[in-house]
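Work through the exercises below with the sequence and the 3D view at hand. Each task is followed by a solution in steps.

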Amino acid sequence: MTAPSDSDPAVAAAEAELERLRAEAAAAEAQLKAAQAKAALAAAEAAAAKARVGGDAPDPKATPDPAATPDGPAASGSPDEVIAPEQDEPTADEPVPAGSPDLGQAAEDGPLDADEIRAIIDGYTFDVTTLDLGALVNTHAVPDAQIRIPLGMMNRHGLIAGATGTGKTRTLQGLAEQLAAKGVPVFAADIKGDLSGVATPGVESEKLLARTGGIGQDWKPEASATEYFALGGIGKGVPVRATVSGFGPLLLSKVLGLNETQESSLGLVFHYADQQGLALVDLSDLRAVLTYLVSDEGKAELKELGGLSPATAGVILRELITFADGGADVFFGEPEFEVSEFLRTAADGRGIISLLEVPGVADKPALFSTFLMYLLAELFEMLPEVGDLDKPKLVFFFDEAHLLFKDASKDFLSAIVQTVRLIRSKGVGVFFVTQTPKDVPGDVLAQLGSRVQHALRAFTPDDAKALRATVGTYPRSGYDLERVLQELGTGEAIVTVMSEKGAPTPVAWTRLRAPQGLMSPSADADIDAAVVASPLLAKYGTAIDRESAREVLTAKMAAADEAAAAEHAALEKAKVEAELAKQQAAIDKAQAAADKKAQQEYERLLKKTSGSSRTSRNSQKSPIEEILNSKTTQTVLNGVIRGLFGTGRR
């Protein structure tokens, strides 16, 4: 039998296939050994991290896991079957082992090297209950490097910032869901109405699961206990109202756009109302007080106030009328909302997320932002000092925060800084949500312990300046933050938080967790049903109009008008009587003059008659006798007697 020829195509093909299989086998063996080595490294790093957390040093003589050694039984398996040593799944309540399966590979293409990644993992490993923010990004997500914030540090306040459309609302929603799940009540203003989806389970999708799986999030749809509120009842929710007295002159001046002089004058008006026992319930009450002070009846009292000129009072009154005519009067009145309602928890122990629905007043941004500050100030006044707690009593998300600080007076800013600084000790955390950190005054920023900075845009010189200013506020890191902040994708952020020891954590580029609730608005029918079912609707649903400053001053001015009318009538009567007396006096005077003249004429005639008589003095009769005996007198007397007694002949 002859040997096959070397040039036989079949033989050549068989040999080539054999070489290919040998090469694949060698490659597979090398890959297997590499995987086993990495697994062994991961196990060692996990043990070291656990030792650092628990205080126990690893035993260098411990027998390694056979599956992790090249010569162990696992060596015969395929590369796909090689897995890292099994570990307990970390929870938010327990410290997570800091080991990463392959920090070297994670550092290959990213800005951070393995040591920097290790420092970040260590910096976000805590011994206390935490909230999960997401996974570290080093060009690609590193799911074993989880970024967290201690629950107890949520009352150290924070900032969520970023350009429009970068994911701030979803970050807020994710934090609110986790807080509520851990029994912490949450308050947030729903600016665009899309936060309402927190009350509805989310919708699963292939894209969502791929994203959440890539950052190590075990995502599942879940709804949170939610209560809807509406300013003044405009929109869907239980009405939230405040009395004008409760709102106060400082916040009202901010809403009305008054300058500092006018703000001080408005404070005098509130002081006057308080001294006079005039309840300022709604805007009509304040208008009534101002109207009274600039009226004739109130001028004397206005003068006594001092420092309040009629011109300034008139300006405030005009601004108030314009403000009320714009529809703002519905936000003020009774029953006044009790902010303690925001501290409620559900029957199952979950915190209730209170959403203030404000799309209906989106055209009055200064009003709703100032109203949020009023609610925060009321919480500060109402709550007792509690110090540092394991978890906050309430976390307050202040959305569109830049509207609060725009054109604010010094007194107003001082009030905000004081409230933010001191309310921490009352168990309340405040998170400001805005576009850039420069929207928030430096004195307020200095009080914030955690920062979640989404992408910033630099389309204009002002934007570039703001970007550089933002970068300058972060501690040094392995990132080129000026570049990274412009390259962040939607749902990614630069994060630094306050550790449980009060120190800032390393700066971490983070791909944030997805909310478990619906990431779009809940159905209107569902919101309406939730509002109707609310136990608070019976308490706050119907407005009350009790006697207040307007009614008191209206009655007072009506009484003054009646008194003035009576006085005017008395004066008119006196004038008429005086005129009648004057006319009577004139008549009497004329009559007296006529009588005098007649007497004078009579005497003249008598003198004339007596001068022409020829009789002697002895025979001369008196004038009366002459008159009585005269023929004319006799005729007259006879006529009178005949008329009286009907005697005499015709």
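A residue counts as buried under 20% relative accessible area, as exposed over 50%, and as partly exposed in between. The model is predicted.

**Exercise 1. Place D480 and R483 in their accessibility classes and state how their side chains meet.**

Step 1. D480 has 42% relative accessibility, which lies between the two cut-offs, so D480 is partly exposed.
Step 2. R483 has 37% relative accessibility and is therefore also partly exposed.
Step 3. The two side chains meet in a salt bridge, with an N to O distance of 3.9 Å. A salt bridge here requires a side-chain nitrogen of Lys or Arg within 4 Å of a carboxyl oxygen of Asp or Glu, so a distance of 3.9 Å qualifies.

**Exercise 2. Describe the protein chain as a whole: what are its secondary structure, its buried share and its contacts over sequence distance?**

Step 1. The secondary structure comprises 21 helices and twelve strands.
Step 2. The protein chain has 650 residues, and 41% of them are buried.
Step 3. Take the contacts between residues at least 6 apart in sequence: 75% of these join residues at least 24 apart.

**Exercise 3. Find which parts of the chain are tied together by the salt bridges D388 with R156 and E227 with R344.**

Step 1. Side chains of opposite charge can pair when their charged atoms come close. By the cut-off of 4 Å, the count comes to 15 salt bridges.
Step 2. In the pair of D388 and R156, the closest N and O atoms are 3.3 Å apart. D388 belongs to the loop between α11 (365-382) and β8 (394-399), and R156 to the loop between β2 (140-150) and β3 (158-161), so this salt bridge ties together parts 232 residues apart in sequence.
Step 3. D388 has 54% relative accessibility and therefore counts as exposed.
Step 4. In the pair of E227 and R344, the closest N and O atoms are 2.6 Å apart. E227 sits in strand β5 (residues 226-231) and R344 in the loop between α10 and β7 (353-357), so parts 117 residues apart in sequence are tied together.
Step 5. E227 has a relative accessible area of 7%, so E227 is buried. R344, at 21%, is partly exposed.

**Exercise 4. Locate D132 and name its partners in a network of salt bridges.**

Step 1. D132 lies in strand β1 (residues 130-138).
Step 2. Its relative accessibility is 13%, so D132 is buried.
Step 3. D132 is linked with R148 and R513 in a network of salt bridges.
Step 4. For a distance to check in the view, take D132 and L151, which are 19 residues apart along the chain: their C-alpha atoms are separated by 9.7 Å.

**Exercise 5. How do helices α8 and α7 run relative to helix α10?**

Step 1. Helix α8 (residues 283-293) and helix α10 (residues 310-325) have axes that come within 10 Å and cross at roughly 155 degrees. Angles over 145 degrees count as roughly antiparallel, so α8 and α10 are roughly antiparallel.
Step 2. The crossing of α8 with α10 is left-handed.
Step 3. On α8, the contact is made by L283, L286, R287, L290 and T291; on α10, by A313, I316, L317, L320, I321, F323 and A324. By class, these residues are ten nonpolar, one polar and one charged.
Step 4. The axes of helix α7 (residues 260-275) and α10 also come within 10 Å, and cross at roughly 90 degrees. This makes α7 roughly perpendicular to α10.
Step 5. Q262, S265 and L266 of α7 meet T312, V315 and I316 of α10. The contact of α7 with α10 has three nonpolar, three polar and no charged residues.

**Exercise 6. Describe the backbone at P335, H157 and E400.**

Step 1. Most residues other than glycine have a negative phi, and most peptide bonds are trans.
Step 2. The peptide bond from E334 to P335 is cis, with omega near 5 degrees. P335 is in the loop between α10 and β7.
Step 3. H157 has a positive phi, near 70 degrees. H157 is in the loop between β2 and β3, and its relative accessible area of 1% makes it buried.
Step 4. E400 also has a positive phi, of about 50 degrees. E400 is located in the loop between β8 and α12 (402-405) and, at 23% relative accessibility, is partly exposed.

Notes. Residues numbered from 1 in each chain as written. Predicted model: local features only at pLDDT ≥ 70, side-chain atom pairs only at ≥ 80, totals over all residues. Heavy atoms only, no water. Axes fitted to C-alpha atoms, helices over the stretch in contact; angles between N-to-C directions. Helix = DSSP H or I, 4+ residues; strand = E, 2+ residues; numbered from the N terminus. Parallel < 35°, antiparallel > 145°, perpendicular 65-115°, else oblique. Left-handed = near helix turned anticlockwise from the far one by under 90°. Contact = heavy atoms within 4.5 Å. Nonpolar A, V, L, I, M, F, W, Y, C, P; charged D, E, K, R; others polar. Buried < 20%, exposed > 50% of the residue type's maximum accessible area, 1.4 Å probe, protein only.
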